[in-house]
Amino acid sequence: MASYGSNGRRVAVMTGLRTPFAKAGTELKSLTVQDLGRAVVAELIERSNLDGAEIDTLVFGTVIPSVLAPNLAREVALLPMLPKGIPAYTVGRACASSNQAITDAADQIVLGHADVAVAGGAESMSNVPILHSRAFSDVLVSASRAKTLGRRVSTFSRVRPRDLLPITPAIAEPSTGETMGQSAEKMAKLNHIPREEQDQFALRSHRLAAAGTQDGRLTAEIMPYYVSPAYDAVVTHDNGVRTDTSLEQLQALKPVFDRRYGSVTAGNSSPLTDGAAAVILMSAEKADALGYQPLAYIRSYAYAALDPGEQLLQAPVLAAPVALARAGLTLTDIDVVEMHEAFAAQVLSNLQGFESKTWAARAGFSEPVGEVDRSRLNVMGGSIAIGHPFGATGARITTTLAHELQRRGGQFGMMTVCAAGGMGFAMVLENAG
Ligand SMILES: CC(C)(COP(=O)(O)OP(=O)(O)OC[C@H]1O[C@@H](n2cnc3c(N)ncnc32)[C@H](O)[C@@H]1OP(=O)(O)O)[C@@H](O)C(=O)NCCC(=O)NCCS
């Protein structure tokens, strides 16, 4: 199997940055997804001292796009300090959307169509579009076409109270109607993940993220955000990280998605979050020519999918062995593992799946991926504590993994992300230091 970039076009992760992640409805609620995306890319370009004229392409991911600016990437590329000629497009692969942006940009580099790319993603869960019902939309259209004021007013007499009920996008599978939380609940039951293990994992996420915030490892990846339009408030860290949470507090929370028999709570789920993250990618050759030192190289990646009606968030278990095989590696070669934490029940199910021969066989392998050494897993916490702006998480994890490899002097790192639609992603990075 030819390895990624074996045509001599190796893709380097040069640097990465993100906004603070804030729980929806809090510090970043007034900002649109364009504001968030533009802010992080502007700061990333500024900090890396990159001449905008060097950028060949910009790819961004988002899950719930703005109705008014559906091609978020192009709005980001039109930042004042960038030339107007950077082609840019927006991708969607649910919670792996910024991974998709990164692999799309990386593929363009491997093909030789680009040498320098900016890739990332953004999400504003505080600004989810709210829709009118079909009946009320029809009335609005008819009213706008009415020729007289009288006709316009009489059109509105057709409106029934129920027509006024707003429609908000649900975090549910269109094919099954099941919400993410219900899927996590189902996975906890199918894989026998006890509530206490979920709460312990959530506690670990908060403790590690709090330590990373306090000692500056996590904050080094975060830009201070001066909130427009007044710019009198500055957000410097993730506001979902709880320094004071305890197992007792977590165990006292009521299950949300199956109130009677459930185990998934607000404490062991990732919260709805606003934020953006981005990375700069270059061909190794270009990085060298510009005199930049890369953080890491992309060694391989893989996407996988399963029936969303089965175990919605289990496909990382199918993607990871493929990414490892494409890298020519096994889990024993991996020094750091970063897994997106949608829910503790999902991470623990994925970890169990990595050890299972049945799941290995489903991915086409005779041996399981193996047991992930917990001291190498999500060493600065994960999405449960840090937060999860759907479109941005993949770029956050890429940055963290590349930095952690450098910090530990490790050679290889692997990340996984579960995504709606029953999809999963895995990528292997190699330390460039
Ligand atoms: C689970 C969910 C419904 C909770 O939403 P919420 O009720 O707004 O959450 P809150 O942050 O207000 O937490 C609820 C309560 O639990 C408490 N709580 C949450 N985490 C806690 C912790 N770690 N320690 C102690 N208390 C905690 C809060 O303080 C709050 O208490 P209060 O009601 O007394 O104020 C929401 O976060 C969600 O939908 N998450 C899943 C998102 C999703 O599906 N993502 C897709 C994954 S790919």
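**Ligand environment**

By class, the residues surrounding the ligand comprise 13 nonpolar, 7 polar and 2 charged. The structure is a predicted model. In total, 22 residues surround the ligand, and the closest are Lys23, Cys95, Arg242, Thr245 and Ser270.

**Polar contacts and burial**

Three of these closest residues are described here in atomic detail. Thr245 places an N or O atom of its side chain 2.6 Å from a nitrogen atom of the ligand. Ser270 approaches through its backbone, with an N or O atom 3.0 Å from a ligand nitrogen atom. In Arg242, a polar side-chain atom lies 3.1 Å from an oxygen atom of the ligand. The ligand taken alone exposes 980 Å², of which the protein buries 65%.

**The largest pocket**

The ligand sits in the largest pocket, whose volume is about 590 Å³. This pocket is lined by 28 residues; those nearest its centre are Ala266, Ser269, Ser270, Pro271 and Leu272. Helix H6 (180-190) and helix H8 (247-252) are the elements that give two or more residues to the lining. The lining of the largest pocket divides into 14 nonpolar, 12 polar and 2 charged residues.

**The second largest pocket**

The second largest pocket holds about 310 Å³ of space. Its lining consists of 17 residues, and Val63, Ala170, Ile171, Ala172 and Phe390 are the closest to its centre. By class, the lining of the second largest pocket has 15 nonpolar residues, with 1 polar and 1 charged residue.

Conventions:
Residues are numbered from 1 along each chain as its sequence is written. This is a predicted model: local features need pLDDT of at least 70, side-chain atom pairs count only at pLDDT 80 or more; totals for chains, interfaces and linings use all residues. Side-chain values use heavy atoms; hydrogens and water are left out. A residue is near a molecule or strand if one of its heavy atoms lies within 4 Å of it. A polar contact is a pair of N or O atoms within 3.5 Å; within protein, one must be able to donate a hydrogen and the other to accept it, and residues adjacent in sequence count only if both atoms are side-chain atoms. Accessible areas come from the Shrake-Rupley method with a 1.4 Å probe; for residues, only the protein chains shown count as cover. On a 1 Å grid over the protein atoms alone, a cavity is a set of points where a 1.4 Å probe fits but cannot get out, and a pocket is an open set with protein on both sides within 12 Å along at least five of seven lines; lining residues have an atom within 4 Å of a point. A molecule sits in a cavity or pocket if more than half of its atoms lie within 2 Å of its grid points. Ala, Val, Leu, Ile, Met, Phe, Trp, Tyr, Cys and Pro count as nonpolar, Asp, Glu, Lys and Arg as charged, and the others, Gly among them, as polar. Grid points are joined across faces, edges and corners, and a volume is the space filled by probe spheres set on the points. Helices (H or I, at least four residues) and strands (E, at least two) are DSSP runs, numbered from the N terminus.
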